[in-house]
Amino acid sequence: MKTGYDILIVGIGGQGTILASNILGEACLIEGRPVKGAETHGMAQRGGSVESHIRIDGRFGPLIAPGTADLIISFDLLEALRYAHYLKAGGEIFTNCAMVIPTSVYTQGVQLPEEAEIRKRLDHQNTCYIEADRLAQEAGSILSRNVVMMGAASGSIPLGNESLRAAVAKLVPPKTVDVNLKAYDIGRDAGRECGKSHRSA
Amino acid sequence: MQTRYLLGNEAIAHGCLESSFDVACGYPGTPSSEVIDVLRVQRERTYYVEWSVNEKVALECALAAAWCGVRALCTMKHVGLNVAADPLMTSAYTGVTGGLVILSADDPYAHSSQNEQDSRCYAHFARIPCLDPSSVQEAHDMVKDAFGLSEEFKLPVLFRPTTRICHSKGDVILGDISTTIRKGEFVRDPRQYVVIPAHTRVLHKKLNEKQPAIKKRLIELGYNTCMVRGEKAVIASGIAAAYVQEILPANVSFMKIGAYPIDEEWLKEFVRMHREVLVVEELAPVVEEVVRQVAGSVTVYGKTDGHSPYEGELSAAATARIFNSCGFETAVKFPEQSPAAEVPPRPPILCAGCMHRPVFYAMKKVFRDGIFPSDIGCYTLGLQLGAVDTTICMGASVTVASGIMHSGEERDIVATIGDSTFLHTGIQGLLNAVYNGAKLTLVILDNRITAMTGHQPNPTTGLTAVGVPTPPVSLEAICRACGVSLVETVDPYDLVGLTAAFRDVKERPGVKVIIARQTCVITARRAGLKRGHYQVDQDACTSCGLCIKFGCPAIERVGEKAHINDLCSGCGVCTHICPAAAIHREAGR
Ligand code: SF4
Ligand code: SF4
């Protein structure tokens, strides 16, 4: 029987997926819950597609199987599509609506699907589109994009809001705590708004 | 005691701190690098730690420390163990006094490696104990025990985590950092440490005599355990044990293997209690072979009969497919899901402003018809730019170049190698090329750091692993000492000078070396270097697309025209590529 709650965080190397997974891990520690995770390190981080698996209440291996993730958090629209098959039926996706165009599109002429088409292909899932780049700027730094996204998804994560905020405050560089907490809160509001509309839709 | 959410390698490093090791040596290699990266910055315990220049050097250094009675750790990735195989095999004969743990991290699925070899085979080959953890917590606990085990049997212990242990995370219960400090003392004993034939024959016999007791002890330590629950059984090792436990029905027996060599009598007793036994393990059929030896008439499923793959990594879902293939039920069912079609790939790429890109650009321009052997590092990504024709192992750029040339191939050969890889095993190849009269060009991509594995310092950096200043080695002097008469150093950001250097060496005989020297953009950024930012004059841009083909991730197409985004690190190379001179440094940044 599937136990626990499985979250896949995806993005591009350098966007802070590892920090995001650490926030979840730390929040689990705060709540005394077991957690397992797996992530991409090494060369693949150089601007490549990266994934972090986090299994809250996880007791076995660190990897989430395709078709079984409860939640996908994506820092890039195209990456949401790349990993959407990990979602279980009835799971949720929170994705940044911005997209970085892979260099392969320029150098090798690979065809890039239109943004509208990507959305169409994601829309049959419960998908929330978050303007994470704009909201991160609003919070004070584009670098807080990852924390905006964690805030946005936080309403769906089975961890307390206070535990998640405490984890953010503990893990981000000391000088950026205020910016990041603001990013988290802005993200949380945006996620709540979006959650309402996609549930009513 | 405390619980923390840690990366596998961080947990392993902490386990070492708890078990009072005194010396750590290693060469960076994914997925092993973070162990020393953690140990070289923590201040809670004093010990000696170094980044060695290669794995053979690291192991010999750690071995000698263990001979002197202190505890030593040696880390590397699986292919590094090939480089260290020479001392490894005989270290089992000489044995150790202080505990010696050799961490060799395997990489099933070759996430970041040139092959999928299985370090357990080396342990079997050398006849030393091997520990194979199934979780982050177990990795922490095992490495802690490994030093004691090594001292008990006076043998090096091979510790073999895989990528999904090293780069997994979990809540880990940690112990206290040990305060025991040992001081090494070399006790002269030629019969132990001088392996002339007369001594080594005796040592070999002693090594073999140790084996039965090791097998018994590994069961007592609880690494190899079993539960009898039905007529069918699954035997799994390492992380595969975690995948099996996730899907195992309650009426199937289970044996977990975490340590080798396996006691055949104990195994036989378990196997023969069942009608059918399935063995699940990643990579080589190490456990399966022993199971088949003891199985008698019991049916055994595994790799040799095609149920389980030899290659790649497992997962709970992949393990469920193996179960299904041989008629075993699973407690969890996984949906069949395939990735969305037509999503453009996003492979890793060289950073914006990476010095390797202009080198490859100029090299390809001057040597249109050239052959480009390369090596292992970030620059292997030059494959995407058509600038990498071969890579096989560390240091094999210049040797492969020699071999191609001596085969009679007449085209120009230009090999590329990074600073760290050159110092690892490239020097011998260069020496050999000069000595034997090769005709080739070697480009040393010198960014003064071991970048790909996470920016570890090396002898060109000017700092040791722990940040102590040390004179940076002169690559020019090394090349000249190898007998190279033409050694030219260039700044790869100066595309004009770089191209001229390539044109110059093209016409000359013998072995020529170009040293392209520029800081890695990531270390430069960390050091606070700001070069400003470039932009495209939209009126001057003719939409020719040449700068976009250069492949810098900071240059994109917006509409018809080129545009430079925030990733720009200010190397300025693209200004030399644009034929319309439309790229300029942004004012005021
Ligand atoms: S990390 Fe350094 S060497 Fe590697 S691609 Fe980036 S700039 Fe180049
Ligand atoms: S100056 Fe040009 S080539 Fe260099 S990083 Fe910026 S955009 Fe890329």
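**Close-up views of the predicted model**

**Tyr83(A) and Tyr86(A) are both buried.** The model shown here and in the other views is predicted. Over all chains, a search of the whole structure finds eight aromatic pairs. One of them joins Tyr83(A) and Tyr86(A), whose ring centres lie 6.3 Å apart with 45° between the planes, a tilted arrangement.

**The rings of Phe21(B) and Tyr47(B) form a tilted pair, because their planes stand at 45° with the centres 4.4 Å apart.** Phe21(B) belongs to the loop between α1 (8–18) and β2 (23–26) of chain B, and Tyr47(B) to the loop between α2 (34–39) and β3 (48–51) of chain B, so the pair ties together parts that are 26 residues apart in sequence. Phe21(B) is buried, at a relative accessible area of 0%. Tyr47(B), with 17% relative accessibility, also counts as buried, because buried means under 20%.

**Further aromatic rings of chain B take part in a cluster or lie beneath a charged end.** The cluster consists of Trp67(B), Phe186(B) and Tyr193(B). The ring of Phe328(B) has the charged end of Lys232(B) over it, at 4.6 Å from the ring centre. In a similar view, the charged end of Arg357(B) sits over the ring of Phe550(B), with 6.0 Å to the centre.

**Ligand 1 lies between chains A and B.** Chain A contributes Arg46(A) to the surroundings of this ligand. From chain B, the surrounding residues include Cys351(B), Cys354(B), His356(B), Cys378(B), His455(B) and Cys520(B). Leu350(B), Asn447(B), Ala451(B), Val521(B) and Ile522(B) are also among the residues around ligand 1. Sorted by class, the shell comprises eight nonpolar, three polar and one charged residues.

**Ligand 2 is surrounded by 14 residues.** The closest of these are Cys552(B), Cys568(B), Cys571(B), Gly572(B) and Cys574(B). The shell around ligand 2 holds 10 nonpolar and four polar residues, and no charged ones.

**Helix α14 (residues 316–325) of chain B is mostly covered, with seven of its 10 residues buried.** The buried positions are Ala316(B), Ala317(B), Ala318(B), Thr319(B), Ala320(B), Ile322(B) and Phe323(B). The packing partners of these residues are β10 (232–237), α11 (239–247) and β13 (276–280) of chain B. Just after α14(B), Gly327(B) adopts a positive phi of about 75°.

**Helix α13 (residues 286–294) of chain B also has buried residues.** These are Val286(B), Val287(B), Glu288(B), Val290(B), Val291(B) and Val294(B). Gly296(B), just after α13(B), has a positive phi of about 60°.

**Two prolines of chain B, Pro31(B) and Pro261(B), follow cis peptide bonds.** Most residues other than glycine have a negative phi, and most peptide bonds are trans. The bond between Thr30(B) and Pro31(B) is cis, with omega about 10°. Pro31(B) is part of the loop between β2 and α2 of chain B. The bond between Tyr260(B) and Pro261(B) is likewise cis, and its omega is about 5°. Pro261(B) occurs in the loop between β12 (259–260) and α12 (264–271) of chain B.

**Asp57(A) and Arg448(B) have a positive phi although neither is a glycine.** For Asp57(A), phi is near 65°. This aspartate stands in the loop between β3 (49–56) and β4 (69–74) of chain A, and Asp57(A) is partly exposed at a relative accessible area of 26%. Phi of Arg448(B) is about 65°. Arg448(B) is placed in the loop between β16 (440–446) and α18 (475–481) of chain B and is partly exposed, at 22% relative accessibility.

**Lys561(B) belongs to strand β21 (residues 561–564) of chain B.** With a relative accessible area of 24%, Lys561(B) is partly exposed. Beyond its neighbours within four places in sequence, Lys561(B) is in contact with Gln538(B), Asp539(B), Cys541(B), Ser543(B) and Glu556(B). From C-alpha to C-alpha, Lys561(B) and Gln2(B) are 56 Å apart in space, and 559 residues separate them in sequence.

**Chain B, the setting of many of these views, has 22 helices and 22 strands.** Of its 589 residues, 59% count as buried. Chain B has a radius of gyration of 27 Å, which agrees with the value near 25 Å for a compact globule with 589 residues. Along the principal axes, the C-alpha atoms of chain B fill a box of roughly 80 × 65 × 55 Å. Among the contacts in chain B with a separation of 6 or more, 75% join residues 24 or more positions apart.

Technical notes:
Residues numbered from 1 in each chain as written. Chains lettered and ligands numbered in written order. Predicted model: local features only at pLDDT ≥ 70, side-chain atom pairs only at ≥ 80, totals over all residues. Heavy atoms only, no water. Near = heavy atom within 4 Å. Nonpolar A, V, L, I, M, F, W, Y, C, P; charged D, E, K, R; others polar. Phe/Tyr/Trp six-rings, centres within 6.5 Å; stacked < 30°, edge-to-face > 60°. Buried < 20%, exposed > 50% of the residue type's maximum accessible area, 1.4 Å probe, protein only. Helix = DSSP H or I, 4+ residues; strand = E, 2+ residues; numbered from the N terminus. Lys NZ or Arg CZ within 6 Å of the ring centre and 35° of its normal. Rg over C-alpha atoms; globule rule 2.2 N^0.38 Å. Contact = heavy atoms within 4.5 Å.
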